[in-house]
Amino acid sequence: MRWSQAFIPTLRDDPADAEAASHRLLVRGGFIRQLMAGSYSLLPLGKRVAAKVERIIRDEMDAIGGQEFLLPVVHPAEVWKKTGRWDDVEGILVKFRDRRGADLLLAITHEEIFALLASEMSSYRDLPQIWYHIQTKFRDEPRPKAGLLRVREFTMKDSYSFDIDAAGLDEAFDRHYAAYTRIFERLDVEAIPVEASSGVMGGSDSAEFMVASESGEDDVAVCPNGDYAANVERATSRLDTVEDEPWDGPVERFATPGIRTIAALADAFDFAAGPQQVKSLVYMVDGEPVLVLLRGDHELMEQKLVDGMGTAHVRPAHPEEIRPLLGADPGSLGAVGVKDIRIVADPALAGRRNMVTGANEDDWHVRGVDLARDIAVDDWLDVRLVQAGEACPGCGAPLEIRRMIEVGHIFKLGTKYSDAVGARVLDEEGEERTIMMGSYGIGVGRNIAAVVENHHDDKGIAWPMSIAPYEAVVTIVKMDDAASVAAGETLYEALRADGVDVILDDRDERPGVKFTDAELIGIPYRITVGPRGLAAGEVELVERATGDVEQVAVADAARVVVERVRTAR
RNA sequence: CGGGACGUGGCGCAGUUUGGUAGCGCGCAUCGUUCGGGACGAUGAGGUCGCCGGUUCAAAUCCGGCCGUCCCGACCA
């Protein structure tokens, strides 16, 4: 490619509405342009990077026996009604009608369609299978943000495994785990696998691949010794046991005028420090009230409640719902003596005595509460948000909480979708068995963004060789110097002949402009050809990532660059 | 959905408080001088001031409604 003929609209200034480094640089470098919130056009440079990312993904999927499909992006409602997701998935699912009035939707993911196709298999001999596709999905996210990091329309590789039994599913899961590890290595992003919630999709053995970045949207609890890493949506920690002062008498009421918060109560009474209180929250779960109890100084992780209750229909109750239920406003609630409401308690409360909690009467609390004696807990469920500094469940070292970008997610689906669409096969005994499915996703655009988050400096992007839009740029410093032009052209042709992705900067621009652009768009190697070097029979080779500069004889330049590019691929 | 901010040539912004018919930098075009780290001079092109309505002799500016975008939170397959 000749730069003079390329569409690479670089910008001198940062776009005003971009915060994240990847967003800023991808726009400035002419890789992407926004069409609307959460929707971006890939320009030629962006498309080149995306194509390389896809090629790596395709490579690794094929290596574990994956077979590629191309699926429709508009689906009929009936298939989604079968799995219940037509009604269950709210908000992000775009629904519309065709001219006949048939209900349609824009695919947010493709479980239904793959499961439907899988129902054509009828024998255990057809299994196992790994199917994938790399396609556009549309999710009407409530808040797209940060450029390619969180969008509504995006390209994603989705794969699904089909097995006769759990052992087969385990095997498919492990293969994907290995494939993903290799993909992230090749993309040169530091992605770590972490335990995760599988969310509304349902499933078990969920692993997210996460890349540390301040622009991320997930918090991950990480053990500094590498013994543990989990999304805070499901992370746990080891807590010190609390030795409670004995309290022999019954529960005792005491007046707490105007006190509505844990902190205020702790300030007012020295026996009511945060860890000595029971925090009582009322949630509506599938329309039914549930009293959720935590230690006073602990916070609820709502996703854990969602996972534990097995339904996505979980929300905090409104004060108007709480008052008739418990007789008090939030701030004075408690579970002592409560019988008709389901009570879910965090295990950090187990065995605790001499606790303080609301009396279900405004301006009153109770002390001397013994969990086992005074509160009829229905379910013990870990619903606590892990805090930084708490002990790693593996080695006891203090956990760190880090912001991360989710770049991939793999989990075991089981039979939810195959059941719904009737994907069954006969096993060796002639018994009908429902196919076990696994689901494995990786976002193309989000990985591009993650790479940029990992590989940039104040000058711009520094792409890893594997996905750089061009592997080398030959920069002719002086376009009206015939010798420079001739040497540049020769080098350019030589590199092309050897299969290097090279662009020739033949623009009639000042050198500074050319250098700055090359650095902004992040081409790994720049070969500068100009009269100064040519006088000594040399060209200049600059490595973008390190800034290292070396002089190379004109005659050796092509060979050296080809070598460097090949080893770095 | 809650909170905040913004919308003026391609990009970044001023002008809005105090109404008088739009300006700056960059970019772009032409010419000249320059030329190994974002040159300089001259000339020039380019704007329904997000949209609709209202007030007024007159609206980028005041009022009402709507739309869009960004940030924080909620949410997130």
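How far from a phosphate oxygen of RNA strand B is an N or O atom in the side chain of Arg-510? In this predicted model, the separation is 2.8 Å, and this pair is one of several polar approaches between side chains and RNA strand B that are listed here.

| Side chain | Atom of RNA strand B | Distance |
|---|---|---|
| Arg-510 | phosphate oxygen | 2.8 Å |
| Glu-519 | base nitrogen | 2.4 Å |
| Arg-526 | base oxygen | 3.2 Å |

**The surface near RNA strand B**

RNA strand B is surrounded by 45 residues, and the closest of them are Val-89, Ile-108, Arg-150, Glu-519 and Arg-532. By residue class, this surface divides into 20 charged, 17 nonpolar and eight polar residues. On the side of the RNA, 50% of the atoms of strand B within 4 Å of the protein belong to sugar or phosphate, while the rest belong to bases. Helix 14 makes the greatest contribution to the surface, with seven residues; the elements that each supply at least two residues are strand 1 (32-36), helix 8 (302-309), helix 14 (511-521), strand 29 (525-529) and helix 15 (531-535).

**Domains and cores**

Chain A is assigned three stretches of domain structure: domain 1 (19-71 + 108-215 + 403-453), domain 2 (252-380) and domain 3 (470-568). The centres of domain 1 and domain 2, taken over C-alpha atoms, are separated by 40 Å.

The largest nonpolar core comprises 61 residues, and those with the most contacts inside it are Leu-26, Phe-31, Leu-187, Ile-448 and Trp-463. Its largest share, eight residues, is provided by helix 6 (residues 166-187), and at least three residues come from each of domain 1 and domain 3. For Leu-187, once neighbours within four places in sequence are set aside, the contacts are Val-53, Ile-56, Asn-447, Val-451, Pro-464, Ser-466 and Ile-467. A second, separate core of 25 residues includes Ala-472, Val-500, Tyr-525 and Val-561.

**The setting of Thr-357**

Thr-357 belongs to strand 18, which spans residues 355-361. Is this residue buried or exposed? The relative accessible area of Thr-357 is 2%, and because buried residues are those under 20%, Thr-357 counts as buried. A polar atom of the side chain of Thr-357 lies 3.2 Å from the backbone oxygen of Val-278. Beyond its neighbours within four places in sequence, Thr-357 is in contact with Val-278, Ser-280, Leu-333, Gly-334, Val-336, His-365, Val-366 and Val-369, so that Val-278 appears both in this contact list and as the partner of the polar side-chain atom.

Key. Residues numbered from 1 in each chain as written. Chains lettered and ligands numbered in written order. Predicted model: local features only at pLDDT ≥ 70, side-chain atom pairs only at ≥ 80, totals over all residues. Heavy atoms only, no water. Near = heavy atom within 4 Å. Polar contact = N/O pair within 3.5 Å; in protein donor to acceptor, adjacent residues only side chain to side chain. Helix = DSSP H or I, 4+ residues; strand = E, 2+ residues; numbered from the N terminus. Nonpolar A, V, L, I, M, F, W, Y, C, P; charged D, E, K, R; others polar. Domains from an automatic or database assignment. Buried < 20%, exposed > 50% of the residue type's maximum accessible area, 1.4 Å probe, protein only. Contact = heavy atoms within 4.5 Å. Core = buried A, V, L, I, M, F, W, Y, C linked by side-chain atoms within 4.5 Å.
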